[in-house]
Amino acid sequence: MKARTRVAKPRRQRSEDSGSDDLLRPSLETEFDVRSFRPLIDPNSILWACFFGGPLAGGLLFGANYRSMRMPRAAALAWAGGFAVMLLAIAIFFPILADGGADATSRSTRSGSRMIVSIVSVALGSLVARHQLRPFKAFVNADRRPRPLFWHALGACVIAWIVVIAIAAAATRLFGAHG
Amino acid sequence: MAEPTSQRAFAERSEDPAENALRLASRYNDVQRCELAEREALRGLAAAPENADLQFELARSLFGRQQWRRADKAAERLLALAPEWPAALNLMCLLRAQQGSYGEAERLILDALRIAPESAALYETYGDLMRKTGHEAKAVRLYERARAIDPTDVDVHAKLALVESSRRRAGVAEKHARSGLACDPEESLAHAALGTAMLQRGRPYAARRHLREALRLEPGNESYEEAWLEADRYCRLVYLPMYYWCLLLSRIPGKQFMVWGIVMVLVALAGSLGVPPGVTGTFMLAYIAFCLYTWLASLILRLWLRLRPPNLDIEEA
């Protein structure tokens, strides 16, 4: 809820020691200005994309958010991080995922490993989301509209799935099914 | 809070037209008659163009009318006339925060606080800025400082309650809201803050009652109306389980993903723990049914609201 804003008329009462108060130490960067931001996606909602699309989908959306916040370095880090975690997950789980066994144990092992990747993606995504939450809050509180998640998340998930399938297919061809 | 308007204050007259205009503009601004305040301020400024007080009232009226561009120009002119006046810096800070230029807003309010370090209103503005930018812990400290300077300021109590609610410290929020109401039981913001705290405490009916009271005290407030509608939605039986589920999830780290993970682990371990497959299957079916309800709850509620639309006129018991 928005609390009311009061335009007060305080009097002058200069004090010598006011500067030493740690409450009066700035908390924001001087150039922190959401006017330059493009619409952001709610960072907490991106966790859905992390869950369904894995680390790459999350990385893509978090990176896009950083780009909208005019933080190109952080955006590049998010994209690279998402890609690296996805590669790591493929490297760890490749033997399980490439196992074409149709029995119940193989199936449950495969779904279990997919679940582990999703949970790890969400856990890592939560850390990035926490970092993005303050600027997002500031953005929304300046009466700006956030970007809707659904189509962006769907796009990111489709890209992530295509990349994962392509890499897994290439790995299968290079190392064989039980690489 | 705006001081109550006395008819005498409007009726008082002096020889100086600028002084008359200033008094009237200030009074009109106090009672949120911003158009009239603007007219009076402009009239006064025609007589005394360098009068910083009149320029302040002009900028304040434009701020109240949400004419941001004109308010910005008026505030810039005000700062040119009185660069070290805390009121001018405070107003400019509010404008910059409204525009989203938070870094500059903080610089301005810190400048104002260096000039007037014992002003509760300035700490309150700084607290608002910190709250807007997600620095809730610092906002609490700033509001507490404002409260220490002026313990009778109901707005500060209410804002403390709101910020504590957003930090999910519902008990503390309720305490602040109640102390605000003890200062002034007819203060709408305190009722609204208590309503918000009640929503966090899992008491939607009490929340709806307090938000209704806030709306009764300040009928045109869109923010209260929105909050009341939200509380009313939570009070509908079709949505009540969803409300409690969301409340529970908000307290669990990882939220629904954590619950999914736990369910998956339980189902995976059920076989090795010797749980009969029938029990596991029933549990899974029940969980999926509950998930379906949570996905469809908003839709069900929307349909329900078409049948039984919210009615603000109903007096609650």
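**Exercise 1. Two domains of chain B**

Task: In this predicted model, work out how far apart the C-alpha centres of domain 1 and domain 2 of chain B lie, and describe the side of domain 1 that touches domain 2.

Solution: The C-alpha centres of domain 1 of chain B and domain 2 of chain B are separated by 28 Å. To place these domains along the chain, use the domain assignment, which gives 151–235 for domain 1 and 241–317 for domain 2. The contact between them draws on 11 residues of domain 1 of chain B and 9 residues of domain 2 of chain B. On the domain 1 side, helix 13 (204–217) and helix 14 (222–235) of chain B each contribute at least two residues, and helix 13 of chain B gives the largest share, with 5 residues. Sorted by character, the residues on this side of domain 1 are 4 nonpolar, 1 polar and 6 charged.

**Exercise 2. The fold and extent of each chain**

Task: State how many helices and strands chain B has and chain A has, and then compare the radius of gyration of chain B with that of a compact globule of 317 residues.

Solution: Begin with the secondary structure, where chain B has 17 helices and 0 strands, while chain A has 4 helices and 0 strands, so that its pattern along the sequence reads α-α-α-α. Next, turn to the extent of chain B: a compact globule of 317 residues would have a radius of gyration near 20 Å, whereas chain B has 25 Å. The C-alpha trace of chain B spans about 95 × 40 × 35 Å along its principal axes. Finally, consider burial and contacts. Buried residues make up 42% of the 317 residues in chain B and 30% of the 179 residues in chain A. Of the contacts in chain B with a separation of 6 or more, 47% join residues 24 or more positions apart; in chain A, among contacts between residues at least 6 apart, 76% join residues at least 24 apart.

**Exercise 3. Where the chains meet**

Task: Find how many residues each chain gives to the contact between chain A and chain B, and identify the residues that touch the most other members of the largest nonpolar core.

Solution: Chain B supplies 48 residues to the contact and chain A supplies 43. On the chain B side, helix 7 (residues 102–115) of chain B provides the largest share, 8 residues, and this side as a whole divides into 23 nonpolar, 13 polar and 12 charged residues. As background for the next step, nonpolar side chains in soluble globular proteins tend to be buried together. The largest nonpolar core here has 113 residues, and those touching the most other members are A:L61, B:A59, B:L91, B:I109 and B:A193. Helix 1 of chain A gives this core its largest share, 13 residues. Taking B:L91 as an example, and leaving out residues up to four places away in sequence, its contacts are A:V7, B:F56, B:A59, B:R60, B:F63 and B:A75.

**Exercise 4. Buried, partly exposed or exposed**

Task: Decide whether A:A153, B:E19, B:Q32 and B:R168 are buried, partly exposed or exposed.

Solution: The cut-offs needed are 20 or more other C-beta atoms within 10 Å for a buried residue and 12 or fewer for an exposed one, with partly exposed in between.

1. A:A153, in helix 4 (residues 150–175) of chain A, is buried because 22 other C-beta atoms lie within 10 Å. Beyond four places in sequence, A:A153 is in contact with A:W48, A:A49 and A:L61.
2. B:E19, in helix 2 (residues 17–30) of chain B, is partly exposed because it has 18 C-beta neighbours inside 10 Å.
3. B:Q32, in the loop between helix 2 and helix 3 (34–47) of chain B, is exposed because 12 other C-beta atoms lie within 10 Å.
4. B:R168, in the loop between helix 10 (154–166) and helix 11 (170–183) of chain B, is exposed because it has 11 C-beta neighbours inside 10 Å.

A further step concerns the backbone. Most residues other than glycine have a negative phi. Phi is positive, near 60°, in B:Q32, and likewise near 60° in B:R168.

**Exercise 5. Confidence in chain A**

Task: Find which helix of chain A has the lowest confidence and which has the highest.

Solution: The mean pLDDT of chain A is 84, and 83% of its residues reach 70 or more. Confidence is lowest in helix 3 (residues 104–141) of chain A, with a mean of 86, and highest in helix 1 (residues 46–68) of chain A, at 94. Over residues 16–20 of chain A, pLDDT stays under 50, and the model has 6 contacts beyond four places in sequence for this stretch.

Conventions
Residues are numbered from 1 along each chain as its sequence is written. Chains are lettered from A and ligands numbered from 1 in the order in which they are written. This is a predicted model: local features need pLDDT of at least 70, side-chain atom pairs count only at pLDDT 80 or more; totals for chains, interfaces and linings use all residues. Domain bounds come from an automatic or database domain assignment. Two residues are in contact if their C-beta atoms, placed from the backbone, lie within 7 Å. Ala, Val, Leu, Ile, Met, Phe, Trp, Tyr, Cys and Pro count as nonpolar, Asp, Glu, Lys and Arg as charged, and the others, Gly among them, as polar. pLDDT is the predictor's confidence in each residue, from 0 to 100. A nonpolar core is a set of buried Ala, Val, Leu, Ile, Met, Phe, Trp, Tyr and Cys residues joined through C-beta atoms within 7 Å. The radius of gyration is taken over C-alpha atoms; the globule rule is 2.2 Å times the number of residues to the power 0.38.
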